[in-house]
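Here is a short report to read with the structure open. Follow the headings in turn and find each residue as it comes up.

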Amino acid sequence: MKKVFARTTNVEKFMLAMTRLQNRQEGIPGMALVYGEPGLGKTKTSLWWIAQNDGVFIRTKKLMSGRWLLEEIVAELGEAPMRRTSDLFRQAQEQLLEHPRTIFVDEADYLSHDARVLETLRDIHDITGAPIVLIGMDQADKKLARYKHLYDRFSEIVHFKPLNEQDIRTIADQLCEVTLSDDAVSYIAQQANRFRRVIVWLYRAEAIAKANSLKQITAGHLNGAGK
């Protein structure tokens with residue numbers, strides 16, 4: 001598999017949203033929501049963007065409190081977290097005002113039950129102007145819509161959707177070490193519509209090609225591999 005990042009329809013939508021978020025006019029809120037079913041590449045896309053830009057990635061936990069979240073943010077910003085919650089907030093504030101960065105909060109669904117944690121993120125955004133991107137599962141938009149003060153600050157909402165056949169062709173052309181025929185792409189589209197599962201099929205295609213010295217893989221080759 002080639003070591004490149006596939007630019008699917010979801011990725012292109014994400015990139016446009018991030019560009020608008022970074023270049024927004026004064027007065028436009030700088031929070032975003034990226035949501036969708038598992039396995040569609042939301043986290044992978046976010047980490048890819050962070051690798052090329054100045055961003056911070058926080059993976060939330062089910063039991064995470066506001067203090068715990070602040071500790072994670074401060075640590076990712078390069079500071080040693082202090083003991084008091086007020087000091088942690090001040091550390092995050094000062095770091096983001098001095099060196100603005102985009103904060104990505106993954107598994108944001110875990111926070112949807114605790115208004116105080118969500119309000120902490122809103123406060124950080126309002127005070128520092130730092131863009132904050134929440135990443136959640138397929139119902140995250142409905143869960144977070146209950147918090148109007150937070151939801152109103154989402155100037156960008158990106159819904160990652162299942163991959164279509166053109167997306168799978170794009171992924172195959174950019175990542176796969178062997179050529180896939182059109183019927184092979186159609187076959188994969190019938191079996192999988194999530195990035196992780198598509199990658200599994202591409203690995204199978206490469207293995208079949210290597211074992212049989214093939215330059216192109218067809219649906220017939222893959223149909224035998226799927227049994």
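## Lys13 and its contacts

Leaving aside residues up to four places away in sequence, Lys13 touches Val158, His159 and Lys161. This is a predicted model. Lys13 lies in helix 1, which spans residues 9-22. Take Lys13 and Val158 as a pair: 145 residues separate them in sequence. In space, their C-alpha atoms are 6.9 Å apart.

Is Lys13 buried or exposed? Neither label fits, because its relative accessibility is 31% and it counts as partly exposed.

## Thr45 in helix 2

Thr45 has its place in helix 2. Its relative accessibility is 2%, so Thr45 counts as buried. The cut-off for buried is under 20%.

Which residues does Thr45 touch, not counting those up to four places away in sequence? The list is Phe5, Val11, Phe14 and Phe160.

## The largest pocket

Empty space can be traced with a probe the size of a water molecule, rolled over the atoms. The largest pocket has a volume of about 220 Å³. Its lining is made of 16 residues. Nearest the centre lie Gly39, Gly41, Lys42, Thr43 and Arg196.

Three elements each supply at least two residues of this lining: helix 2 (42-52), strand 4 (132-136) and helix 10 (195-212). Helix 2 has the largest share, with three residues. How do the lining residues of the largest pocket divide by class? Seven are charged, five nonpolar and four polar.

## The second largest pocket

The second largest pocket holds about 190 Å³ of space. Part of its lining comes from the start of the numbering: Met1, Lys2, Lys3, Val4, Phe5 and Ala6. Lys44, Leu175, Phe195, Ile199 and Tyr203 also line this pocket. Phe5 is thus a lining residue here, and Phe5 is also among the residues that Thr45 touches.

Which helix gives the most to the lining of the second largest pocket? Helix 10 does, with three residues. By class, the lining has eight nonpolar and three charged residues, and no polar ones.

## The two sides of helix 9

Helix 9 covers residues 182-191, and its buried residues are Ala184, Val185, Tyr187 and Ile188. Why do these four share a side of helix 9? They cover an arc of only 160° around the axis, which puts them on the same side. Asp182 and Gln190 are exposed on the other side of helix 9.

## Aromatic pairs

Two numbers describe a pair of aromatic rings: the distance of the centres and the angle of the planes. The whole structure holds five aromatic pairs. Tyr187 and Trp201 form one that is edge-to-face, with 5.5 Å from centre to centre and 85° between the planes. This pair links distant parts of the chain, 14 residues apart, with Tyr187 in helix 9 and Trp201 in helix 10.

Are Tyr187 and Trp201 buried or exposed? Tyr187 is buried, because its relative accessible area is 12%. Trp201 also counts as buried, at 6% relative accessibility.

Elsewhere, ring pairs link Phe14, Trp49 and Phe104 into a cluster. Phe14 has appeared already, as one of the residues that Thr45 touches.

Methods: Residues are numbered from 1 along each chain as its sequence is written. This is a predicted model: local features need pLDDT of at least 70, side-chain atom pairs count only at pLDDT 80 or more; totals for chains, interfaces and linings use all residues. Side-chain values use heavy atoms; hydrogens and water are left out. On a 1 Å grid over the protein atoms alone, a cavity is a set of points where a 1.4 Å probe fits but cannot get out, and a pocket is an open set with protein on both sides within 12 Å along at least five of seven lines; lining residues have an atom within 4 Å of a point. Grid points are joined across faces, edges and corners, and a volume is the space filled by probe spheres set on the points. Ala, Val, Leu, Ile, Met, Phe, Trp, Tyr, Cys and Pro count as nonpolar, Asp, Glu, Lys and Arg as charged, and the others, Gly among them, as polar. Buried means under 20% relative accessible area, exposed over 50%, partly exposed in between (1.4 Å probe, protein chains only). The arc is that of the directions from the helix axis to the C-beta atoms. Contact means heavy atoms within 4.5 Å. Rings of Phe, Tyr and Trp (its six-membered ring) pair if their centres lie within 6.5 Å; planes under 30 degrees apart count as stacked, over 60 as edge-to-face and the rest as tilted.
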